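Okay, thanks for coming, everyone. Let me put the model up and walk you through a few spots in it.

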Amino acid sequence: MFSILDMFKVGVGPSSSHTVGPMVAASNFVTSLDERGLLDRVSRVKSTLYGSLSMTGLGHGTDRATVAGLEGNNPATVNTDYLSNIKQECENRGTLSLGGKHTIQFDYGRDVIFDQWKMLAAHPNGMRFEVFDDNDEEIDEQVWYSVGGGFVRQGHSEDLMIGIHEKAPEVSTFAGETKTDDGDDFPPEAPYPFSSGSELLEICEREGKSIYEIAWANETAIRSPQEVRERLLETWRRMDECVKNGCTSTQTTLPGGLEVPRRAPKIYRELSGNSDIFSRDTRRPASILESSECTWVDLFALAVNEENAGGGRIVTAPTNGSAGVIPAVLEYYWHFAGSADEDGIVRFLLAAGAVGYLIKRNASISGAEVGCQGEVGSAASMAAAGLCEVMQGSPRQVENAAEVAMEHHLGLTCDPVAGLVQIPCIERNAMAANTAVNAVRMALLGNGQHMVSLDQVIKTMKETGADMMSKYKETSEGGLAVNVVEC
């Protein structure tokens with residue numbers, strides 16, 4: 001059952017699908033062993049990564065995240081320094097503590113496998129966990145999928161295996177469900193369930209409510225208003241903290257071998273020389289994107305994604321690779337809109353989450369499945385919806401802004417150089433954040449009437465992703481990932 005709050009998870013860099021999801025899946029696997037009384041029988045565990053997880057897993061730290069999950073860590077609280085060094089720690093010890101409860105012998109190089117020739121048909125981000133007893137007899141085997149944004153789904157041990165470049169069947173299964181019915185439904189208590197943008201607009205017009213009010217009613221049907229508000233404001237606080245950490249980091253280059261310099265601290269020092277917006281008490285009304293405001297938006301996004309690339313703590317929004325867009329636009333609202341307040345933050349995130357739900361339900365937020373249009377494009381669409389909501393846009397203007405932002409990311413490939421979430425990912429977030437603000441400007445200059453609907457652009461994004469060659473979907477086999485290395 002779906003909650004908009006789940007679109008925003010506190011996690012750790014550099015990837016929600018390749019770091020956060022595998023950690024959660026591995027932890028879930030060990031928890032299931034413990035709950036069924038199997039944990040004490042385990043003497044060996046083997047983790048096999050398939051598809052995109054195997055192709056770019058080293059650059060994304062998928063192996064390290066998986067091992068951390070086997071130990072019982074979770075993305076919101078795992079020690080980031082330990083996560084960075086977990087391979088060396090395990091190799092030094094030669095052991096692993098499953099769930100922090102049961103210690104076994106562990107050979108990192110043997111027991112974590114990158115199978116770069118195969119993938120599981122249900123999703124490009126598949127992984128298989130196997131455990132064995134003292135006689136090397138298999139005790140249990142589970143298949144899991146990291147489906148984007150830190151969301152995970154359990155599969156079947158007999159799920160169809162295909163070649164890495166083969167086209168998956170139209171409909172594959174997760175645990176007992178078809179892939180096209182991803183289980184993203186509202187709980188029965190929700191008063192205003194919707195599955196499309198057109199349904200959402202119909203409800204808004206029928207009830208005389210805004211998009212955020214519909215989302216608020218659905219969330220407060222399953223949680224107290226105080227909890228919903230506090231969780232959303234905590235999301236904002238974590239985003240704001242991440243922006244500031246990125247702006248003040250003393251790390252000069254990002255890890256991974258490309259020696260990509262951190263730019264946010266230098267840009268922040270230059271911009272704050274005139275006026276440090278983090279410390280000033282007064283805000284002024286937002287203009288139509290002055291050049292200085294554009295630069296601040298760039299800075300906010302760069303700061304977050306450099307934190308993500310450095311393995312820091314971030315908020316998936318809706319993914320790690322696109323984690324800078326929504327915080328950048330929220331910071332733009334907070335510092336440049338004279339009317340900004342915490343109520344506006346709540347409204348922004350609810351409207352953004354409603355659009356994110358539509359994208360996730362009807363297409364995908366996984367770069368390995370549909371390319372970066374599903375990550376950065378989705379984030380831009382969500383950010384545009386949120387900003388338009390707090391700038392007093394009508395439901396149709398909000399839908400228009402979300403559509404414009406997504407439309408102009410259609411076809412965007414996911415081609416990370418060296419399998420790292422650095423080039424072109426970091427700059428791409430800054431571009432998308434300003435695109436989101438510009439989409440709002442265009443929507444507010446109109447009356448909400450437009451030719452292409454949000455539903456149509458989401459459908460187009462899904463179909464475009466299905467047609468996109470696998471080398472452009474987080475495998476580092478095409479695009480910049482190939483040509484930058486060749487140069």
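So, start at proline 14, which sits in the loop between strand 1 (9–12) and helix 1 (16–35). When I say helix or strand, I mean DSSP runs, H or I of at least four residues for helices and E of at least two for strands, numbered from the N terminus. The peptide bond going from glycine 13 into proline 14 is cis, with omega near 10 degrees. There's a cis bond between isoleucine 423 and proline 424 as well, with omega about 5 degrees, and proline 424 is in the loop between helix 16 and helix 17 (425–445).

Before I go on, a word on where this comes from: it's a predicted model, residues are numbered from 1 along each chain as its sequence is written, and local features need pLDDT of at least 70, with side-chain atom pairs counting only at pLDDT 80 or more, while totals for chains, interfaces and linings use all residues. Side-chain values use heavy atoms, with hydrogens and water left out.

How confident is the predictor? pLDDT is its confidence in each residue, from 0 to 100. The mean for the protein chain is 92, and 94% of its residues reach 70 or more. Over residues 176–182, though, pLDDT is below 50, and that stretch has 17 contacts (heavy atoms within 4.5 Å) beyond near neighbours in sequence.

Back to backbone oddities. Most residues other than glycine have a negative phi, and most peptide bonds are trans. Glutamate 259 isn't a glycine, yet has a positive phi of about 60 degrees; look for it in the loop between helix 9 and helix 10 (264–272). Serine 476 also has a positive phi of about 60 degrees, and that one lies in the loop between helix 18 (454–467) and helix 19 (480–486).

Now, strand 7, residues 126–132. Is it buried or exposed? Seven of its seven residues are buried, where buried means under 20% relative accessible area, exposed over 50%, and partly exposed in between, using a 1.4 Å probe and protein chains only. In a regular strand the side chains alternate between the two faces of the sheet. Here both faces are covered, with Gly126, Arg128, Glu130 and Phe132 on one side and Met127, Phe129 and Val131 on the other.

As for its partners, two strands pair if DSSP finds at least two bridges between them. Strand 7 runs antiparallel to strand 2 (residues 44–49) over six bridges, with leucine 49 opposite methionine 127. Strand 8 (residues 138–148) is also antiparallel to strand 7, over seven bridges, and glutamate 130 faces glutamate 141 there. Strands 7 and 8 make a hairpin with five residues between them, and aspartate 136 in the turn has a positive phi of about 65 degrees.

Over to helix 8, residues 211–220. Its buried residues include Ile211, Ile214 and Ala215. What do the buried residues of helix 8 pack against? That would be helix 7, helix 9 (225–248), helix 13, helix 15 (376–390) and helix 16 (395–407).

One last residue: glutamine 154, in strand 9 (residues 151–154). With 31% relative accessibility, glutamine 154 counts as partly exposed. Its C-alpha is 21 Å from that of valine 42, and the two are 112 residues apart in sequence.

Key. pLDDT = per-residue confidence, 0-100.
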